[in-house]
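I opened this entry to record what I looked up in one structure. The notes follow the order of my checks.

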Amino acid sequence: MYKLNLPPLQPRLRATAGRPAIYDALRRKYVALTPEEWVRQHFVHFLIAHKGYPEAYMANEVELRVGEKKLRCDSVLYDTALRPRMIIEYKAPTVQITQGVFNQIAAYNLLLRVDYLTISNGLQHYCCKMDYDGKKYLFLNDIPDYQNL
């Protein structure tokens, strides 16, 4: 797989139905090992092990509905009252982070109205703090530690 700009991870890998799979601790099951999933598992590990995010308040593949349309957030961080605080969107390392990716996560946020939007392709990471009163977002220099959210 790809070398990422994230701390190393010792993933649990296996072949499922002849295809490589990686263990997702948040979903508690093996999932298909795609380049995007490789980024997701490394980034979730980074948030939990290095930024102090509680595993119990995180979820992967969170489904949203807009009428008949289904959307799926890659990861969501909740607060202690289980209100969404951060949406995290992942892309494969070969995918550029463009305005289209920001538009995608912004569409999810129309439904969830979180405090933070985070995007990573494993090589580049962006985090924005939402300022709803000022109708803008502020790019942060780093992914904040959980205690500083």
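How many helices and strands does the protein chain have? I worked from a predicted model, and I found two helices and nine strands in the protein chain. Reading along the sequence, I wrote down the pattern β-β-β-α-β-β-β-α-β-β-β.

Overall dimensions came next. I noted a radius of gyration of 15 Å for the protein chain, close to the 15 Å that the globule rule gives for 149 residues, so the chain is as compact as a globular protein of that length. Along the principal axes, I had the C-alpha atoms filling a box of roughly 50 × 35 × 35 Å.

I then looked up burial and contacts. Of the 149 residues in the protein chain, 42% are buried. Among contacts with a separation of 6 or more, I found that 47% are between residues 24 or more positions apart. The protein chain exposes about 8500 Å², and carbon and sulfur atoms supply 50% of that area.

Helix α1 was the next item. I checked its length: α1 covers residues 35-51, and its 17 residues should span 24 Å at 1.5 Å a residue. I got 23 Å between its end C-alpha atoms, which agrees.

Which residues of α1 are buried? I listed Glu37, Trp38, Val39, Arg40, Gln41, His42, Phe43, Val44, Phe46, Leu47 and Lys51. For reading such a list I kept in mind that an α-helix has 3.6 residues a turn, so residues three or four places apart point the same way. Just after α1 I noted Gly52, whose phi is positive, near 75°.

I turned to the cysteines. How many disulfides does the structure hold? I counted zero. Why is there no bond at Cys73? The closest cysteine sulfur to that of Cys73 is in Cys127, and I have them 15 Å apart, too far for a bond, since a disulfide needs the sulfur atoms within 2.5 Å. I also logged Cys73 as buried, because its relative accessible area is 0%.

For Cys128, the closest cysteine sulfur is again in Cys127, at 6.6 Å, and this is too far for a bond. I entered Cys128 as buried too, with a relative accessible area of 3%.

Last, I went through the aromatic rings. I counted eight aromatic pairs. One of them is Phe102 with Phe139, which I noted as edge-to-face, at 5.8 Å centre to centre and 75° between the planes. Where do the two residues of this pair sit? I placed Phe102 in helix α2 (residues 99-112) and Phe139 in strand β9 (residues 136-139). They are 37 residues apart, and the pair links distant parts of the chain.

Are these two rings buried or partly exposed? I have Phe102 as buried, at a relative accessible area of 18%, and Phe139 as partly exposed, at 44%.

I also checked Tyr137 against Phe139: the ring centres are 5.6 Å apart and the planes are at 75°, so this pair is edge-to-face. I entered Tyr137 as partly exposed, at 44% relative accessibility. I closed the entry with the aromatic cluster that Phe102, Tyr126, Tyr137 and Phe139 form.

Terms used: Residues numbered from 1 in each chain as written. Predicted model: local features only at pLDDT ≥ 70, side-chain atom pairs only at ≥ 80, totals over all residues. Heavy atoms only, no water. Buried < 20%, exposed > 50% of the residue type's maximum accessible area, 1.4 Å probe, protein only. Helix = DSSP H or I, 4+ residues; strand = E, 2+ residues; numbered from the N terminus. Expected span 1.5 Å × (residues − 1). Rg over C-alpha atoms; globule rule 2.2 N^0.38 Å. Contact = heavy atoms within 4.5 Å. Areas by Shrake-Rupley, 256 points an atom, 1.4 Å probe, with all protein chains shown as cover. Phe/Tyr/Trp six-rings, centres within 6.5 Å; stacked < 30°, edge-to-face > 60°.
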